[in-house]
Amino acid sequence: MTKCDVILTYSWNRVGYNILKSLSSKGLNVWTADTSKVNICSCSKYCAGHFTYPDPFKNEDEFIECLCEWIKKLKPQMVLPTHDESIIIMRHRARFPQNLIIPYEEEYLLHKLSDKAEATKLAQKIGVPIPRTYNHIDEVETYPIVYKTVIGNSAKGVFFPKDKESLRKLTEIYKHEKTLLQEWVGGTDYSVDCIRWNHFWKASVYRARITKTNGGGTTTQREIVHLPILEHYAQKILDSVNFKGVCGLDFRYDAETQKAAFIEINARFTGGIATPIAAGFDIPHILYTLALKGNYEKPVNIKIGTCTKWILGDFITLVGRAITFQWHWRELKQLFTLKDFDAFDDFDIHDKKAILGEMYYYLDKLIRNRKLNP
């Protein structure tokens, strides 16, 4: 059996793929794990090995038991969750070997930060600007409005009703869930990817050029920008809870008015991680080094203007726009171009089979669930 230094979980997508490439390029043997057998990571030449496990969100105990068995077999230095399964893994931290490194915060903090309502309250309390938040739909005077479930990712559970009747229908559908009602903020989506670890702090900011859904959410094209005020807000929020680990914070920012508004926290790796990595901020390897050695001493020089593209994501975006007849000719032109990008989320000229694994996964999910957003 191939040696294993790191196990990556929830590795069906481009996030896991970029972490895999980052760590394997430093000579580490990385095994990937997921509920699916065929995906972008399992088909990659950078993958030292892979295995499947039960769905952590449907069969929690079976998932943990399976992961424990593979840890016994492979004896890795580190298990690296890549998404919200991190909350489940940290909930059962005591079931894993004590010397096994899992560089994530405790469950309660991960859960608190992933709750959009709680994160919004935290930001407001420490003076970070937030969108106006409403307690009842009758308070709303201007549309569109943002209505979202407090737990969710990839724009799932986020809606932009354009009138009161549409909003009332949504409140009826989600009456049994905790939700958040906020004003629509103009500008563009910006994300701050950062690592906070003891005395180490580093962050980068990227601007969304294309988002998979209208109104924001998952980005398919991004550009690194210099925006210290958003880095400041991100650090202020994470300092307030003494956060330790990798994190992504989303904001809306209007370049004309220079007004910013906090949106949410992702206390994990983010979907746009390929962008800071391509810009020189190698987040996975830096986190690995910090967790293993406690410090990182090499300089981190982030190249402003770095652009990356999620190829399959742009195709999905194109299909989504076509179905709903919501496109603009400039955006359409931008979706088709492959020029002027420093890297791609899901394609490596030296690892062509990986993107085929990604395509297979998405096609399989489309056939099974009839959804373009698995």
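**Exercise 1.** In this predicted model, find the acidic residue with which K309 forms a salt bridge, and state whether each partner is buried or exposed.

*Solution.* Step 1: K309 forms a salt bridge with D314, and their closest N and O atoms are 2.4 Å apart. Step 2: the cut-off for buried is under 20% relative accessible area. Step 3: K309 has a relative accessible area of 2% and is therefore buried. Step 4: D314, at 3% relative accessibility, also counts as buried.

**Exercise 2.** Determine which parts of the chain the salt bridge between D84 and R268 ties together, and classify both residues by accessibility.

*Solution.* Step 1: the two side chains meet at 3.1 Å, N to O. Step 2: D84 sits in the loop between β4 and α3 (85-91), and R268 in the loop between β13 (259-266) and α8 (274-278), so the pair ties together parts 184 residues apart in sequence. Step 3: D84 is partly exposed at 23% relative accessibility, whereas R268 is buried at 7%.

**Exercise 3.** Repeat the analysis for R207 and E223.

*Solution.* Step 1: their side chains form a salt bridge of 2.7 Å, N to O. Step 2: R207 belongs to strand β10 (residues 200-211) and E223 to strand β11 (residues 219-225), so the linked parts are 16 residues apart in sequence. Step 3: R207 counts as partly exposed at 25% relative accessibility, and E223 counts as partly exposed at 21%.

**Exercise 4.** Describe the open sheet of four strands.

*Solution.* Step 1: the strand order is β3-β2-β1-β4, with parallel pairing. Step 2: β3 (49-52) and β4 (78-80) are the edge strands, each pairing on one side only. Step 3: the twist from one strand to the next averages 20°. Step 4: β2 (residues 30-34) pairs with β3 over four bridges, and W31 stands opposite G49 in β3.

Definitions and conventions:
Residues numbered from 1 in each chain as written. Predicted model: local features only at pLDDT ≥ 70, side-chain atom pairs only at ≥ 80, totals over all residues. Heavy atoms only, no water. Pairing = 2+ DSSP bridges. Helix = DSSP H or I, 4+ residues; strand = E, 2+ residues; numbered from the N terminus. Axes fitted to C-alpha atoms, helices over the stretch in contact; angles between N-to-C directions. Salt bridge = Lys/Arg side-chain N within 4 Å of Asp/Glu carboxyl O. Buried < 20%, exposed > 50% of the residue type's maximum accessible area, 1.4 Å probe, protein only.
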